[in-house]
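Trainee: Could you take me through one part of this model up close? I'd like to follow a single helix and the things it packs against.

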Amino acid sequence: MNTTNSQVASMLRKISELLTLQGADRFRSMAYERAATSIEFLDRDVEDIYKKEGVKGLEAIEGIGKGIAEKIRELIETGKIKYYEELN
């Protein structure tokens, strides 16, 4: 599977939008938006970062904490994010 930076950013933005629509804590929604922007402007492929450095490599990207890094890992490995499906 080949997951592009734009696919990851798009999924994170969808989660941000759903959180906003559902009235979740705005800081959580903003965290997903910030992570999406960071991924979008990376000069490296996020999937390559994960394959070479694991979740810790993802966490090293500005704006990405442990929870979002795990969701990116899940997207890269399975093509989906369970959390997104639960929100939808």
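Mentor: One cut-off before we start: a residue counts as buried when its relative accessible area is under 20%, and as exposed when that is over 50%. Bear in mind too that this is a predicted model.

Let's settle on H2. Helix H2 covers residues 26-40. Its 15 residues reach 21 Å from the first C-alpha to the last, close to the 21 Å expected at 1.5 Å a residue. Which residues of H2 are buried? They are Ser29, Tyr32, Ala35, Ala36, Ser38 and Ile39. The cover over those buried residues includes H1, helix H3 (46-59), H4 and helix H5 (82-87).

Pause on Ser38, which sits in helix H2. Its relative accessibility is 19%, and since buried means under 20%, Ser38 counts as buried. Leaving out residues up to four places away in sequence, Ser38 touches Ile61, Glu62 and Gly63.

Now for the partner on the other side of the story, H1. Two packed helices are described by the angle between their axes and the distance between the axes. Here, helix H1 (residues 5-21) packs on H2 at an angle of about 165°, with the axes 8 Å apart. That angle makes H1 roughly antiparallel to H2. As for handedness, H1 passes H2 in a left-handed crossing. On the H1 side, the contact is made by Asn5, Val8, Ala9, Leu12, Arg13, Ile15, Ser16, Leu19 and Thr20. From H2 come Arg28, Ser29, Tyr32, Glu33, Ala35, Ala36, Thr37, Ile39 and Glu40. Sort the residues of this contact by class and you get 9 nonpolar, 5 polar and 4 charged.

Ser16 is a handy residue for seeing that contact from H1, the helix it lies in. With a relative accessible area of 5%, Ser16 is buried. Again setting aside residues up to four places away in sequence, Ser16 touches Ser29, Tyr32 and Glu33. Ser29 and Tyr32 are also among the buried residues of H2. If you want a C-alpha distance to check on screen, take Ser16 and Arg34: they are 18 residues apart along the chain, and their C-alpha atoms are separated by 9.4 Å.

H1 also meets H4, so let's go there next. The axes of H1 and helix H4 (residues 66-78) come within 11 Å and cross at roughly 125°. These two helices are therefore oblique to each other, and their crossing is right-handed. Gln7, Val8, Met11 and Leu12 in H1 meet Ile68, Ile72 and Leu75 in H4. By class, the H1 and H4 contact divides into 6 nonpolar residues, 1 polar and no charged. Val8 and Leu12 are worth clicking on: they take part in the contact with H4, and they are also listed in the contact with H2.

As for H4 itself, its 13 residues should span 18 Å at 1.5 Å a residue, and its end C-alpha atoms are 18 Å apart, which agrees. The buried residues there are Ile68, Ala69, Lys71, Ile72, Glu74, Leu75 and Ile76. Their cover includes H1, H2, H3 and H5, which brings us back to the helix we started with. Just after H4, have a look at Gly79, where phi is positive at about 85°.

Methods. Residues are numbered from 1 along each chain as its sequence is written. This is a predicted model: local features need pLDDT of at least 70, side-chain atom pairs count only at pLDDT 80 or more; totals for chains, interfaces and linings use all residues. Side-chain values use heavy atoms; hydrogens and water are left out. Axes are lines fitted to C-alpha atoms, for helices over the stretch in contact, and angles run from 0 to 180 degrees between N-to-C directions. Helices (H or I, at least four residues) and strands (E, at least two) are DSSP runs, numbered from the N terminus. Angles under 35 degrees count as roughly parallel, over 145 as roughly antiparallel, 65 to 115 as roughly perpendicular and the rest as oblique. A crossing is left-handed if the near helix is turned anticlockwise from the far one by less than a right angle, and right-handed if clockwise. Contact means heavy atoms within 4.5 Å. Ala, Val, Leu, Ile, Met, Phe, Trp, Tyr, Cys and Pro count as nonpolar, Asp, Glu, Lys and Arg as charged, and the others, Gly among them, as polar. The expected span of a helix is 1.5 Å times one less than its number of residues. Buried means under 20% relative accessible area, exposed over 50%, partly exposed in between (1.4 Å probe, protein chains only).
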